[in-house]
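Colleague: I have some questions about this structure before I go back to the bench. Can we take them one by one?

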Amino acid sequence: MTRLVPPVAGDPHELDELRLEVRRFVAEQQQAGKIGRYADSWLTGWDEDFSRALAARGWLGMTVPVEYGGHGRSHQERFVVTEELLAAGAPVGAHWIADRQIVPSLLKYGTEEQRRKFLPAIAKGECYFGIGMSEPDSGSDLASVRTKAVPADGGWKITGTKVWTSGAHLAHAFICLARTTPVDPAHRHDGLSQFIVDLRAPGVDIRPIISMNGKHHFNEVILDEVFVPDDMVFGTIGNGWQQVTSELSFERSGPERFLSTFPLLAELASHMRDGGLPRHTDLGRYLARITGLHQMSMAVAGALQRHDPADTAAAVVKVLGTSTEGDIADFADVLGEPDDDDYRSMLADAVVQRPGFTLRGGTNEVLRGVIARGLGMR
C-alpha cells in the first residue's frame, strides 16, 4: 500500500529546548505589550518590528546557507520555531511568504545574483514577498492563467491581473506566474514562466480588497506592461508549471495549515477551565486532531529536508489541516462568547477568515484530486 505521509524520523524531543526558547521569547514580547495575539496570524499579523526581532534571534532564514546570510539550520528546526509562533498567535505575516516559500524556491531555482540579492535581506527581516499566482478567472486552475509576458529589449513586459495577493501593498516584490507562449489545449501546463516583479515598479497598480470586517490583507495587482529585466527571470522560461508545483509542497504542508485557529482553541480551553464557557467533550477531539496533524506536518518537513517527494503528503496535510481550522472556528462560534474582549475579537477574526482556510493554497476539492493521482488512482 502506498504511504500517504512519510514516517517521522529522529528523536521528537531533541528540539525541545529550542521550542521552549521560542515560547519564552514570545511570552516576553506579549507581556511587554510589543505584540498582540491573533487568529490566522500568518495572514493578519503584519508587524515588521517583530519580524526584525525574530531575525535578530536567528529565526528567519534558518534554512538559508551561511554563505547567503542565513543560519544553515534544518527544516525540522525551522518547523519548531514556526509552529510555536503560530500556536502563540504571534504576528508573523510580514516575513511569512518570503521565509516559507521564496527561500527554498530561490535556493532551488534562483540565479546566484538573485540569491545574493534577496536571501540575506530576507534573513534580516528586511525583504518581504507576495505570491502572484491566482487570477480573477483562474483560482486553483493555474494552468488557465492569462497574464502574459512578452520579450522586450533587455527583459520582458508583463501584462495581466493577479488577485488575492496577500500583503502586496506592503511587500517589496512577488513571484509572478505568466504565460510566455500561447496556450496549447493539448498541453495546458506548457509555456508558463515565473518572474520576480518589483511591486513598486512603473505599471504596477495595487488595489485593496477589503474583508467584510473592514480589514485589508488581500489585494488585486494589475500589471500594465511592467518591465522585468532578464536577470529577474525566475528559473527557466517555460518551466513555470514544474517550478510552481515544487513550491507548493512548502506552501501546503506547514503548521500554518492547521494552527490558524489554535490560539482561539487555547483561549477557549482556558475559559472552559475557568467557567467562562461550558465544558464540551469536542475540545479533546480537536486537540487530538491537532496532535495528529503536528506529527504529519513534522514528517513532511523531514521529507523536504531529505529532498524526498512530498507533493501528495503536503496535499493531505493541507486538506485535513484547513478542515480542522474551520471546524475549530465553527465550534467556538457555537459555544458563545465569554466576558473577554480579546477573545471576542479573536473569534470574530476567525469566523471572518474561516471561508478562506480551505481555498488558499489550492481548494480542498482540487487537492483531493492531487491526492488521488499521487496514490495512482484514476
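Colleague: Keep in mind that this is a predicted model. Which residues does Leu54 touch, not counting residues up to four places away in sequence?

Modeller: Yes, the model is predicted. Leu54 is a member of the largest nonpolar core. Not counting residues up to four places away in sequence, Leu54 touches Phe25, Trp59, Leu60, Leu85, Val92 and His95.

Colleague: How many residues are in the largest nonpolar core?

Modeller: Phe50, Leu54, Trp59, Leu85, Val92 and Leu268 touch the most other members. Among the elements that each supply at least two residues are α1 (16-31), α3 (48-56), α4 (75-87) and α8 (262-274). The helices α9, α10, α11 and α12 do so too. The core's total is 61 residues.

Colleague: How many residues make up the second, separate core?

Modeller: Its members include Tyr68, Ile158, Leu192 and Ile196. The count for this second core is 47 residues.

Colleague: Is Val197 buried or exposed?

Modeller: Val197 sits in strand β5 (residues 192-198). Its relative accessibility is 1%. The cut-off for buried is under 20%. Val197 therefore counts as buried.

Colleague: Which residues is Val197 in contact with, leaving aside neighbours within four places in sequence?

Modeller: One of them is Val226, which lies 29 residues away along the chain, with 8.2 Å between the two C-alpha atoms. Leaving aside neighbours within four places, the contacts of Val197 are Ile158, His172, Ala173, Phe174, Cys176, Val204, Leu223, Val226 and Val228.

Colleague: Why is β5 largely enclosed by the rest of the structure?

Modeller: Count its buried residues, where buried means under 20% relative accessible area. β5 is largely enclosed because the buried ones number 6 of 7.

Colleague: Which residues stand opposite Phe195 of β5 in β4 and β8?

Modeller: Strand β4 (residues 173-179) runs antiparallel to β5, with 7 bridges. Strand β8 (residues 233-234) is also antiparallel to β5, joined by 2 bridges. The partner of Phe195 in β4 is Cys176, and in β8 it is Val233.

Colleague: Which residue in the hairpin of β2 and β3 takes a positive phi?

Modeller: β2 (residues 148-152) and β3 (residues 155-162) run antiparallel and share 5 bridges. Ala152 is opposite Gly155. The hairpin has 2 residues between the strands. The positive phi, near 80°, belongs to Gly154.

Colleague: Which residue in β7 stands opposite Thr161?

Modeller: β3 is joined to strand β7 (residues 216-229) by 7 bridges, and the two run antiparallel. Opposite Thr161 is Ile222.

Colleague: Which element gives the largest share of the lining of the largest pocket?

Modeller: The largest pocket holds about 1300 Å³ of space. Of its 48 lining residues, Ser134, Leu359, Arg360, Gly361 and Gly362 are closest to the centre. By class, the lining has 22 nonpolar, 17 polar and 9 charged residues. The largest share, 6 residues, is from α7.

Colleague: Which element gives the most to the lining of the second largest pocket?

Modeller: This pocket has about 470 Å³ of space. It has 22 lining residues, with Pro104, Lys108, Phe250, Leu304 and His307 nearest the centre. At least two lining residues come from each of α5, α7 and α9 (282-305). The most, 6 residues, come from α5.

Colleague: How many charged residues are in the lining of the second largest pocket?

Modeller: The nonpolar class has 9 residues and the polar class 8. The charged residues number 5.

Terms used: Residues numbered from 1 in each chain as written. Predicted model: local features only at pLDDT ≥ 70, side-chain atom pairs only at ≥ 80, totals over all residues. Heavy atoms only, no water. 1 Å grid on protein atoms, 1.4 Å probe; cavity = no way out; pocket = protein on both sides within 12 Å on 5 of 7 lines; lining within 4 Å. Points joined across faces, edges and corners; volume = space filled by probe spheres on them. Helix = DSSP H or I, 4+ residues; strand = E, 2+ residues; numbered from the N terminus. Nonpolar A, V, L, I, M, F, W, Y, C, P; charged D, E, K, R; others polar. Pairing = 2+ DSSP bridges. Core = buried A, V, L, I, M, F, W, Y, C linked by side-chain atoms within 4.5 Å. Buried < 20%, exposed > 50% of the residue type's maximum accessible area, 1.4 Å probe, protein only. Contact = heavy atoms within 4.5 Å.
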